[in-house]
Amino acid sequence: MTSPVPPADTGGGRGGIFDRRETLAKLLIAPAVLYIVAMIGAPFVLAILYSMSNATTGDPSLHLVGLRNFAAALDDPVFRIALRNTVVFTLLSQSIVIVLSRVLANALMKPFRGKGIVRFLVMLPWTAPISLGTIGWLWMYDSIFSPIDWVMRYLGALGTATGILGPQTNLYWLGVPGLAMASVILVNVWRILPLATVIQLGGLSSIPKDLIEAAEVDGASPWRRTLMITIPLTLPIVSIAFLFGIVFTFTDLVVVYVLTRGGPVHATQVLSSWTFFKGIEAGDLAQGAAISLFMFPVLAMAAVFILRLARRTEVV
Amino acid sequence: MRNLSKLARRGGLYTLLGVFAFFSAFPFYWMVIATFKRDHDLFSPLNNPFLFNEPPTLEHLRTLFTETHFVGYLTNTAIVGFAVVAITLATAVPAAYALARWARGWGETLGIGIFLTYLVPPTILFIPLSRFASFFGLQESLWSLILVYPTFTIPFCTWLLMGFFKTIPKDIEEQAMIDGLSRFGAMTRVVFPLAISGILTVVVFAFTLSMHEFIYALTFISVSAKKTVSIGVPTELVRGDVFQWGPLMAGALIASIPVAGVYTYFLDRFVAGFTMGAVK
């Protein structure tokens, strides 16, 4: 507000509303801010109120009952499974993504023919609507017609008495608890990999070329160059890729909803899917809101780290 | 010797890229196969699933376009998408300009604050927003989606555009004002045309994100004819418990590929918004 006013503001007789800087600025910013307050701020507050009430879709009026819903959630074995699954699902898939995206980004940095088409193909999982991509996976994980099972049978690993995967003809990707979790994680890796790769590409291309060349002249080996220059310089951007991956994975509902609906017997239930089934399908708004708010501390922490990293990157 | 190791390295690079491309694109190849395969061929576990064991057919496409609401899903998606683009442009462009230009200290803080609201996920907001929708009588209406989707487009697009406006030199407006334009006129007639690539990015981003959205559409809309593609295809192309895999895959493929093509073209700019935006 104390910014110096340039001469154009004081000079001349033009003092209309379209010429006064501060007023115009406020007018231009107001719609966006009002919308955000009404449609993100207010619902967020309402979610907190619901979580402390006994509202249902049948009777959505607010009667505050304290922290009972949070206690009830913590007592619920399904909630505990969902919480554990969410953490496993997020950390495991993001650790895989961060390694693979580094490898892919390194490869994409090199000049080669057909870059446009390769880029289009590797970006597909992120650029195509996620619910539709996941439907493709649902068909690939089919309990009878899975092409993965077909290849295993073809190779003799499945469906024969001596097969290493067993004598049954199918693996039932989404029907067995551990395998269902692995299947969901794989689809999530597939989905986030392009985003992480593009973020990493940005980091890699921002390293000054002369720095690498200087190290080369000084006789540093490729490994040493990677260890001493590339990794430290791209660490902040890699962390940002990791944090955004966490935010998107942690809150994602689509992959689990389309593939398993949380099954078999809650083996792939995560916080977001459990929120949906409790809060919307079962109509228990209060419980649903309480479950969803368990995600908030993690998101808030991620946001703080993103901001800190962003500041640090600027210094580098 | 030297040539040989170069050749090996090239081969390694292409193999690596091939593996990644295969992993990423295979589900879509799988959709292509199912789209054109006859049911008899599709549902014979002994047939090689990667090949056409019987002549290909257009039957699934015919079913998709004549016996399902698929065209309606596409229309609904387009209506919602364009409306969200319009709302996003009308709010984010002026806000971003003002934040980038006239508001130094507090503008930066407010800008970061707006960006952070992007991190409040639909999975927290959809329960209260479903009450909003029913309070305003917008359940089962595309209006509910048009009203709610800007919750994820406005914060991000404002942030993205702030970055764009900062790259346009101030002298340009100052010159325009000396030439007799008002501040508002300088903004709309001189600066906005220069920011056209940023504005175009926002158009593509708002549209594709609206098309991708799943949770709100799933929560607010259950009438088949009102669904968007992202929920209509996965939830409606199932008869009882039986998935109609042919039409299902055809629908997923047709709705995915064009938007993916456009999105890929703009992807770098979005990601620059995520990271550089957070960096600067």
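Just after helix H12(A) comes Gly283(A), with a positive phi near 75°. Helices here are DSSP runs of H or I with at least four residues, strands are runs of E with at least two, and both are numbered from the N terminus. Let's start from that helix and work outwards.

This is a predicted model, in which local features need pLDDT of at least 70, side-chain atom pairs count only at pLDDT 80 or more, and totals for chains, interfaces and linings use all residues. Residues are numbered from 1 along each chain as its sequence is written, while chains are lettered from A and ligands numbered from 1 in the order in which they are written.

**Helix H12(A) and what covers it**

H12(A) is mostly covered, with nine of its 11 residues buried. A residue is called buried if 20 or more other C-beta atoms lie within 10 Å of its own, exposed if there are 12 or fewer, and partly exposed in between, with the C-beta atoms placed from the backbone. Among the buried ones are Leu271(A), Trp274(A), Phe276(A), Phe277(A) and Lys278(A). Which elements do the covering of the buried residues of H12(A)? They include helix H4 (77–109), H11 and helix H13 (285–293) of chain A, plus helix H6 (122–135) of chain B.

**The loop before it**

Between helix H11 (254–259) and helix H12 (271–281) of chain A runs a loop that holds Gly263(A). Pro264(A) lies in the loop between H11 and H12 too, and so does Arg261(A). The peptide bond from Gly263(A) to Pro264(A) is cis, with omega near -10°. Most residues other than glycine have a negative phi, and most peptide bonds are trans. Arg261(A), though not a glycine, has a positive phi near 50°. Tyr172(A) is not a glycine either, yet its phi is positive at about 55°. You'll find Tyr172(A) in the loop between helix H7 (147–154) and helix H8 (177–205) of chain A.

Gly263(A) also has a partner from elsewhere in the chain: its C-alpha atom is 8.0 Å from that of Leu174(A), 89 residues apart along the chain. For Leu227(A), in helix H10 (residues 222–250) of chain A, the C-alpha atom is 41 Å from that of Ser273(A), 46 residues apart along the chain.

Here is how some of these residues count for exposure.

| Residue | C-beta neighbours within 10 Å | Class |
|---|---|---|
| Gly263(A) | 16 | partly exposed |
| Tyr172(A) | 16 | partly exposed |
| Arg261(A) | 16 | partly exposed |
| Leu227(A) | 12 | exposed |

**Two crossing helices**

Helix H3 (residues 68–75) of chain A and H13(A) have axes that come within 9 Å and cross at roughly 75°. Axes are lines fitted to C-alpha atoms, for helices over the stretch in contact, and angles run from 0 to 180 degrees between N-to-C directions. So H3(A) is roughly perpendicular to H13(A), where angles under 35 degrees count as roughly parallel, over 145 as roughly antiparallel, 65 to 115 as roughly perpendicular and the rest as oblique. From H3(A), Asn69(A), Phe70(A), Ala72(A) and Ala73(A) meet Ala286(A), Gln287(A), Ala290(A) and Ile291(A) of H13(A). Two residues are in contact if their C-beta atoms, placed from the backbone, lie within 7 Å. The residues of this contact divide into six nonpolar, two polar and no charged. Nonpolar means Ala, Val, Leu, Ile, Met, Phe, Trp, Tyr, Cys and Pro, charged means Asp, Glu, Lys and Arg, and the others, Gly among them, are polar.

**Where the chains meet**

How many residues does each chain bring to the contact? Chain B gives 83 residues and chain A gives 81 residues. On the side of chain B that touches chain A, helix H14 (residues 245–279) of chain B gives the most, with 19 residues. That side of chain B has 63 nonpolar, 15 polar and five charged residues.

**How confident is the predictor?**

The complex gets an ipTM of 0.88 and a pTM of 0.87 from the predictor. pLDDT is the predictor's confidence in each residue, from 0 to 100. Chain A has a mean pLDDT of 84, with 92% of its residues at 70 or more, and chain B averages 87, with 95% of the residues scoring at least 70. Residues 1–13 of chain A stay under 50. Where pLDDT is low, the predicted coordinates should not be read in detail.
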